[in-house]
2 protein chains.
Amino acid sequence: MELSERKLKILQAIIDDFIFSAEPVGSRTLSKKYQLGISPATIRNEMADLEEMGYLTHPHTSAGRVPSDRAYRLYVDHLMSRYNLPGEQQASIRAKLTDHFNELNKTIEKAAGILSEITHLTSFALTPKSETNKLKYINLLPVDKRSIVLMIVTETGKVTNTVLKLKQPYEEEKLQLLSKLMTYNYKGKELTDILTVDIIKNVEGEIEALSRLMENIMPEFLRTLENMLNTELYMEGLTNIFSFPEYNDIDKAKMFLGMLNKKEHIARVLDERADGIMITIGAENPDDEMKDCSLITATYRVNGKLIGKLGVIGPTRMEYDKVTSVMEFMTDNLSKAFKIPEDTDSSKEG
Amino acid sequence: MELSERKLKILQAIIDDFIFSAEPVGSRTLSKKYQLGISPATIRNEMADLEEMGYLTHPHTSAGRVPSDRAYRLYVDHLMSRYNLPGEQQASIRAKLTDHFNELNKTIEKAAGILSEITHLTSFALTPKSETNKLKYINLLPVDKRSIVLMIVTETGKVTNTVLKLKQPYEEEKLQLLSKLMTYNYKGKELTDILTVDIIKNVEGEIEALSRLMENIMPEFLRTLENMLNTELYMEGLTNIFSFPEYNDIDKAKMFLGMLNKKEHIARVLDERADGIMITIGAENPDDEMKDCSLITATYRVNGKLIGKLGVIGPTRMEYDKVTSVMEFMTDNLSKAFKIPEDTDSSKEG
DNA sequence: GTTAGCACTCTTTAAAGGTGAGTGCTAACC
DNA sequence: GGTTAGCACTCACCTTTAAAGAGTGCTAAC
């Protein structure tokens with residue numbers, strides 16, 4: 001069966017109404033509220049067709065119709081119109097995003113907050129993952145007799161430091177020498193390579209006197225490198241779901257929040273998502289626990305190299321048009337904010 | 001009226017039973033389950049007295065008795081016995097806490113996780129707040145043509161860095177010079193003093209050539225200092241409340257989670273709590289939103305100077321004995337883990 | 001002082017009946 | 001042939017009613 005113009009109009013009306021009201025839509029309501037120019041009976045006939053085609057479902061005989069995942073998919077792909085963010089809101093988002101612009105993690109966290117605030121959904125933000133990240137230099141700095149700061153800087157401008165406690169006191173010159181040696185050895189190498197390849201031996205061999213200091217520092221150095229490769233997940237608006245009637249059931253709310261509680265899992269799911277705006281509706285989600293939800297993700301870039309994710313999760317009944325537009329706007333602005341200005345290159349890691 | 005030995009015994013039994021079952025306790029149950037050696041009728045008489053004294057309440061005429069806040073207060077202060085953590089659990093906690101011992105924030109976060117896991121409650125952990133924290137040195141390091149790393153180290157070993165984008169290129173020697181100048185000026189000063197006192201002018205006057213560079217760095221420097229004074233709040237086990245029958249009501253759950261969502265508020269509440277183990281029960285909480293909850297907090301110390309908090313929140317019906325013992329054990333271990341070893345002094349700030 | 005007995009209260013659960021929204025079908029209409 | 005009015009039917013939802021059960025408070029006897 002073909003989807004006639006009229007069927008599409010009816011379907012759109014049902015989806016619009018249901019997204020707004022969360023109540024099954026009846027033929028009477030439809031003909032009264034929307035200017036379709038046909039009677040409830042005709043609408044009923046069309047609805048029966050739409051149901052047969054898999055676009056609508058029926059909670060029970062005497063209830064109105066509810067859009068299926070398939071209907072939302074059609075809506076998202078063909079029916080929905082662009083939502084335009086009001087000018088002031090655009091300005092306000094921009095302002096909030098650039099407020100902390102050189103504290104990358106803070107900005108990302110803020111982005112998640114803004115997103116959940118605007119969409120009233122639960123939002124995620126994943127900090128950038130380095131597709132390639134080479135080491136620029138290593139610096140060892142004195143703190144006190146037995147503590148030093150290990151500082152690692154990558155070519156993309158990511159900086160991390162760790163305070164190390166040493167087993168025995170050190171000499172400051174040795175520290176400087178070791179910084180230079182390590183930098184000399186690791187400079188330009190991929191972080192992941194440093195983790196696996198055993199270049200350590202080389203350095204250890206080179207200058208006998210440093211080997212002890214080296215031994216002290218190495219484990220923490222490797223551990224820090226690993227941490228640098230990790231992304232951070234921010235989640236906001238967890239309790240927003242309570243404003244959705246679909247989660248009035250305590251068990252549903254419990255399940256939903258339980259699912260979101262598995263942070264590593266969520267991070268993995270986000271990480272595996274495609275570039276750009278990606279929408280998965282209900283059963284389209286590979287994840288069983290998300291079968292009643294829709295997940296929308298978008299990507300932003302830092303310096304064009306690092307890719308971060310922004311996401312939103314909620315009931316399949318959501319304002320897809322608004323949500324996608326907001327997310328597009330936000331990732332665009334994030335990417336812009338984190339772009340290399342002129343010839344320089346920098347970012348921040350708190 | 002005096003609290004006779006027998007009344008205490010009955011009260012204890014009621015509290016024990018209610019903490020376990022969450023159901024109002026009746027006289028029959030009481031006489032059957034606990035060896036009190038008296039009949040239900042006698043128990044009823046005593047319960048009527050206890051109710052008159054404010055230790056028990058009555059949800060309705062034909063229900064059993066429920067302990068009041070006052071009863072819990074008595075229980076906590078006089079009746080409850082010490083709970084001994086099983087040896088393996090002690091060992092496991094210790095292992096988990098020392099696993100990341102020189103990444104302070106990670107350890108604190110982990111502590112919150114462990115606490116919520118053991119108590120099945122919602123837990124908090126506040127990273128240490130510096131009662132006094134003097135600046136040790138400032139380091140400005142080159143990243144690329146227009147980006148530098150600003151690194152701040154305090155006497156307690158807290159380290160922070162920020163990447164700065166400069167408006168114009170810089171010379172490396174100037175950077176080193178400025179590092180030394182800033183260190184010279186700010187060394188030994190309280191972070192809070194640096195924020196308020198206008199020492200900047202001095203430096204600016206001293207060496208004309210550096211003033212531009214200085215201008216670029218100063219705002220971010222001050223902002224970073226402010227951030228260093230901030231504490232971080234970790235919260236775990238938010239969804240644990242769903243396992244408590246008192247939160248089977250969706251509105252109650254909503255309220256509870258809504259309250260916990262105000263992170264700054266929670267952080268402030270925790271911050272204001274007294275040293276050591278502190279228990280506030282129901283209406284004892286100054287906060288209206290916590291009138292149905294009990295809050296237990298404990299403090300740990302880092303290097304004896306910085307004070308951090310660990311906390312747990314849940315229904316007034318909770319296993320006070322177990323919870324307090326666990327928290328005591330954990331803060332003891334945290335304080336030990338973060339203590340200065342021998343003569344050195346260090347900690348970590350990721 | 002303690003206890004058995006009993007009337008009474010009040011929640012909880014189940015069943016029953018009524019209501020209303022909405023459908024599906026049929027027959028008439030244009 | 002598509003469209004529409006009419007009507008019987010279904011089913012969730014609400015209210016009412018009844019019955020069951022837990023527990024109390026009081027009284028009188030031990």
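In this predicted model, a polar side-chain atom of R44(B) lies 3.1 Å from a base nitrogen of DNA strand D. The surface near DNA strand D draws two or more residues from each of two elements, helix 3 (40–52) of chain A and helix 3 (40–52) of chain B. The briefing below takes up this surface and then the second largest pocket, which has a volume of about 840 Å³.

**Contacts with DNA strand D**

- The side chain of R6(A) places an N or O atom 2.6 Å from a phosphate oxygen of DNA strand D, and for the side chain of R65(B) the corresponding distance to a phosphate oxygen of the strand is 3.3 Å.
- Among the atoms of DNA strand D that lie within 4 Å of the protein, 77% belong to sugar or phosphate, while the rest belong to bases.

**The surface near DNA strand D**

- DNA strand D is surrounded by 21 residues, of which R6(A), T42(A), T61(A), S62(A) and S27(B) are the closest.
- Helix 3 of chain A provides the largest share of this surface, namely four residues.
- Sorted by class, the surface near the strand consists of twelve polar, five nonpolar and four charged residues.

**The second largest pocket**

- The second largest pocket is lined by 24 residues, and those closest to its centre are N139(A), L141(A) and Q176(A) together with N139(B) and L141(B).
- Both chains contribute to the lining, with strand 4 (135–144) and helix 7 (172–186) of chain A, as well as strand 4 (135–144) and helix 7 (172–186) of chain B, each supplying at least two residues.
- The lining of this pocket comprises twelve nonpolar, eight polar and four charged residues.

How values were computed:
Residues are numbered from 1 along each chain as its sequence is written. Chains are lettered from A and ligands numbered from 1 in the order in which they are written. This is a predicted model: local features need pLDDT of at least 70, side-chain atom pairs count only at pLDDT 80 or more; totals for chains, interfaces and linings use all residues. Side-chain values use heavy atoms; hydrogens and water are left out. On a 1 Å grid over the protein atoms alone, a cavity is a set of points where a 1.4 Å probe fits but cannot get out, and a pocket is an open set with protein on both sides within 12 Å along at least five of seven lines; lining residues have an atom within 4 Å of a point. Grid points are joined across faces, edges and corners, and a volume is the space filled by probe spheres set on the points. Ala, Val, Leu, Ile, Met, Phe, Trp, Tyr, Cys and Pro count as nonpolar, Asp, Glu, Lys and Arg as charged, and the others, Gly among them, as polar. A residue is near a molecule or strand if one of its heavy atoms lies within 4 Å of it. A polar contact is a pair of N or O atoms within 3.5 Å; within protein, one must be able to donate a hydrogen and the other to accept it, and residues adjacent in sequence count only if both atoms are side-chain atoms.
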